[in-house]
Amino acid sequence: MVVVVDDRVGGHPDRIGPLVTELLEEEGFLVGGVVGVAAEEAEVRKALETAVVGGFDLVVTVGGTGVGPRDVTPEVTEEILDQRLPGIAEALRSSGLTAGAVDSIVSRGHVGVSGSTVVANLAPSRAAIRDGMATLCPLVSYVVAQLSALDEL
């Protein structure tokens, strides 16, 4: 599932959701939906909880990870995580710096597990998304495989 966090939801064409969907599908993921929410704690929380309860393997949020007053995605994400995966979050920031995606390196985004769902926060620039997905997908595939093995026990 893809969650686009943007106060302009509905006010302009969504270019982020289709880009993330395309990149996930190229890596073999099936995308169960794209949801746009305003940068409000309640809306972000509802979208994340819906993905977790819905049994999605992965939910990628895009946006709301900066230092502005309405950038609440990291705080909400942290509240729902059972386990944090800080190495993956740092890998996203590091690869974003290499790609010149300034919003990626200043992102406060998290990556972790809630229930059996991997949750990953990405910065919203096209460079941060493209580079972030290239870094994220193989790592998430590994984590999802580990979680699936636990489900089989």
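Start with helix α1, residues 16–26: in this predicted model, helix α1 lies across three strands, β1 (2–5), β2 and β3. Compare directions and you'll find that helix α1 runs at about 150° to β1.

Now look at the sheet those strands belong to. It's an open sheet of six strands, and if you walk across it you meet them in the order β2-β1-β3-β6-β5-β4. Strands of a sheet pair through backbone hydrogen bonds, and they can do so either parallel or antiparallel. Here the pairing is mixed. Which strands stand at the edges? They're β2 (34–37) and β4 (83–84), and each has a single partner strand, so one side of each is left without a neighbour in the sheet.

For a look at one pairing, zoom in on β3, residues 58–62. This strand and β6 pair in the parallel sense, over five bridges. You can pick out Val-60 there, standing opposite Ala-120 in β6.

Strand β6 (117–122) turns up again when you go hunting for empty space. The structure holds one cavity of 30 Å³ or more, and the volume of the largest cavity is about 80 Å³. Who supplies its lining? β6, α4 (86–98) and α6 (126–152) each give at least two residues, with the largest share, three residues, coming from α4. Among the lining residues are Ala-89, Leu-92, Arg-93, Asn-121 and Ala-128. Sorted by class, the lining has five nonpolar, five polar and one charged residues.

Finally, let's talk about charges. Side chains of opposite charge can pair when their charged atoms come close. How many salt bridges does a search of the whole structure find? The count is seven. In one salt bridge, the side chains of Arg-45 and Glu-79 meet at 2.5 Å, N to O. This pair links distant parts of the chain: Arg-45 sits in helix α2 (residues 41–53) and Glu-79 in helix α3 (residues 73–80), 34 residues apart.

Definitions and conventions
Residues numbered from 1 in each chain as written. Predicted model: local features only at pLDDT ≥ 70, side-chain atom pairs only at ≥ 80, totals over all residues. Heavy atoms only, no water. 1 Å grid on protein atoms, 1.4 Å probe; cavity = no way out; pocket = protein on both sides within 12 Å on 5 of 7 lines; lining within 4 Å. Points joined across faces, edges and corners; volume = space filled by probe spheres on them. Helix = DSSP H or I, 4+ residues; strand = E, 2+ residues; numbered from the N terminus. Nonpolar A, V, L, I, M, F, W, Y, C, P; charged D, E, K, R; others polar. Pairing = 2+ DSSP bridges. Contact = heavy atoms within 4.5 Å. Axes fitted to C-alpha atoms, helices over the stretch in contact; angles between N-to-C directions. Salt bridge = Lys/Arg side-chain N within 4 Å of Asp/Glu carboxyl O.
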